[in-house]
Amino acid sequence: MHKLSIFLAATAALALVSGTAGAQGYPERSITMVVPFAAGGPTDTVTRLVAESMSKDLGQQIIVENVGGAGGTLGASQVAKAEPDGYTLLLHHIGMATSATLYRKLPYDTMNAFEYVGLVTDVPMTIVAKKDFEPTDMKGLIEYVKANADKVSLANAGIGAASHLCGMLFMSEIKTPLVTVPYKGTGPAMTDLLGGQVDLMCDQTTNTTKQIKGGTIKAYAVTSAKRLDALPDLPTVAESGLPGMQVGIWHGIYAPKGTPAEVTQKLSASLQKALKDPNVVARFAELGTVPVTDAEATPEGLKSKLESEVTRWKPVIEAAGQYAD
């Protein structure tokens with residue numbers, strides 16, 4: 001029995017040493033970063049910018065894999081079930097927090113199925129319309145939609161998408177339900193807004209800034225606390241009389257539960273470097289957003305953000321009564 005105890009202890013010690021050595025040598029091959037949405041969307045754009053910079057720092061390629069569907073829960077579920085070795089990661093947006101309420105039967109436990117790497121960026125939203133929509137400012141928009149609620153269509157990229165969440169918040173703030181039109185992705189929704197098939201949309205600056213600057217859609221407000229350098233003439237929601245509409249679509253990087261702390265810390269350090277990369281900073285600015293601080297680009301920063309956002313969105317979703325299952 002004594003010999004068995006010694007053997008088990010030695011085995012455990014060897015496993016610990018091997019695990020630590022493996023973490024120290026990480027990464028030894030390419031890493032897959034799952035985006036739980038279609039290619040070409042705003043979250044995909046953010047992911048590819050960060051992945052490219054982190055690849056250079058880590059010395060291994062980060063391959064971006066798009067696993068869309070079910071409001072981002074398919075991709076998240078795939079990562080939750082992956083081997084916790086640091087070679088499968090998830091970059092998800094605010095939907096990581098809202099899915100905990102939107103989906104009454106999730107295939108994973110939001111708060112306990114992942115390890116945290118860090119926050120990436122907090123992207124403001126814009127309230128936009130087809131370019132020939134009648135209202136000229138936010139005050140006029142609110143008056144118009146209240147008077148024509150049964151005729152005004154509000155597009156979104158599907159239940160659980162950033163545009164869906166922002167749209168719910170908008171209807172909640174103006175206390176007026178509108179005709180919502182869900183699409184299978186941001187691209188098709190924007191295409192129909194550009195074509196005038198739908199009236200309104202609430203979406204991330206990473207997807208709307210170019211269109212706003214080009215005059216192909218009409219913009220009413222941005223959901224950030226202050227005006228954006230990229231869109232200096234666009235008033236904030238607070239300036240427009242809707243202070244409760246202030247919201248950002250934040251993005252974070254996760255790993256499967258059980259991924260060694262040494263690995264998540266190395267990824268966090270690499271993320272912090274990437275967020276200082278001049279190319280990333282410049283591209284983020286063009287998209288109407290900025291990188292988060294070093295303190296936020298940490299496991300602790302992301303965990304704190306996720307916890308607070310689950311709490312914030314739960315009553316909004318329950319009040320709307322719109323569930324994804």
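This is a short dialogue on reading the domains, salt bridges and buried residues of a predicted model.

Me: Where do I start with this chain? Which domains is the chain divided into?

Reply: Start with the parts. Domain 1 covers 31-122 + 249-320, and domain 2 covers 124-245. Note that domain 1 is written as two stretches of sequence. The C-alpha centres of the two domains lie 25 Å apart. The contact between them takes 23 residues from domain 1 and 19 residues from domain 2.

Me: How is the size of an interface often given?

Reply: It is often given as the accessible area lost when the parts come together. Now the case here. Domain 1 and domain 2 bury about 1600 Å² between them. Carbon and sulfur atoms hold 70% of that area.

Me: Which elements of domain 1 supply at least two residues each to the side that touches domain 2?

Reply: Five elements are on that list: the helices α2 (42-58), α4 (95-102), α10 (278-286) and α11 (299-320), and the strand β9 (248-256). The largest share comes from α11, with 5 residues. Sort the residues on this side of domain 1 by kind, and you get 12 nonpolar, 8 polar and 3 charged.

Me: How many salt bridges and polar contacts cross the interface of domain 1 and domain 2?

Reply: Take the two counts separately. The rule finds 0 salt bridges across the interface. It finds 3 residue pairs in polar contact there.

Me: What does the salt-bridge count come to by this rule?

Reply: The count comes to 11. To read one, look for a side-chain nitrogen of Lys or Arg within 4 Å of a carboxyl oxygen of Asp or Glu. Let us take three cases.

Me: Where do Asp44 and Arg48 lie?

Reply: Both are in helix α2. They are 4 residues apart, about one turn of the helix. Their side chains meet in a salt bridge at 2.9 Å, N to O.

Me: Is Asp44 buried or exposed?

Reply: The cut-off for buried is under 20% relative accessible area. Asp44 has 5%, so Asp44 is buried. Its partner Arg48 has 38% relative accessibility, so Arg48 counts as partly exposed.

Me: Which salt bridge does Glu239 make?

Reply: The side chain of Glu239 meets that of Arg227, at 3.0 Å from N to O. The pair links distant parts of the chain, 12 residues apart. Both residues lie in the loop between β8 (217-222) and β9. Glu239 is partly exposed, at 47% relative accessibility. Arg227 is partly exposed too, at 37%.

Me: And the third case: where do Lys276 and Asp294 lie?

Reply: First, the bridge: the side chains of Lys276 and Asp294 meet at 2.6 Å, N to O. This pair also links distant parts of the chain, 18 residues apart. Lys276 is in the loop between α9 (261-274) and α10, while Asp294 is in the loop between α10 and α11. Asp294 counts as partly exposed, at 37% relative accessibility.

Me: Back to α2. Why does Thr47 count as buried?

Reply: Thr47 lies in helix α2. Its relative accessible area is 0%, so Thr47 counts as buried.

Me: What does Thr47 touch, not counting residues up to four places away in sequence?

Reply: Thr47 touches Met33, Val35, Val64 and Leu91, with those sequence neighbours left out. Find Thr47 in the structure, then pick out each of these residues in turn.

Terms used
Residues are numbered from 1 along each chain as its sequence is written. This is a predicted model: local features need pLDDT of at least 70, side-chain atom pairs count only at pLDDT 80 or more; totals for chains, interfaces and linings use all residues. Side-chain values use heavy atoms; hydrogens and water are left out. Domain bounds come from an automatic or database domain assignment. Contact means heavy atoms within 4.5 Å. Buried area is the accessible area (1.4 Å probe) that two parts lose on being put together, summed over both. A polar contact is a pair of N or O atoms within 3.5 Å; within protein, one must be able to donate a hydrogen and the other to accept it, and residues adjacent in sequence count only if both atoms are side-chain atoms. Ala, Val, Leu, Ile, Met, Phe, Trp, Tyr, Cys and Pro count as nonpolar, Asp, Glu, Lys and Arg as charged, and the others, Gly among them, as polar. Buried means under 20% relative accessible area, exposed over 50%, partly exposed in between (1.4 Å probe, protein chains only).
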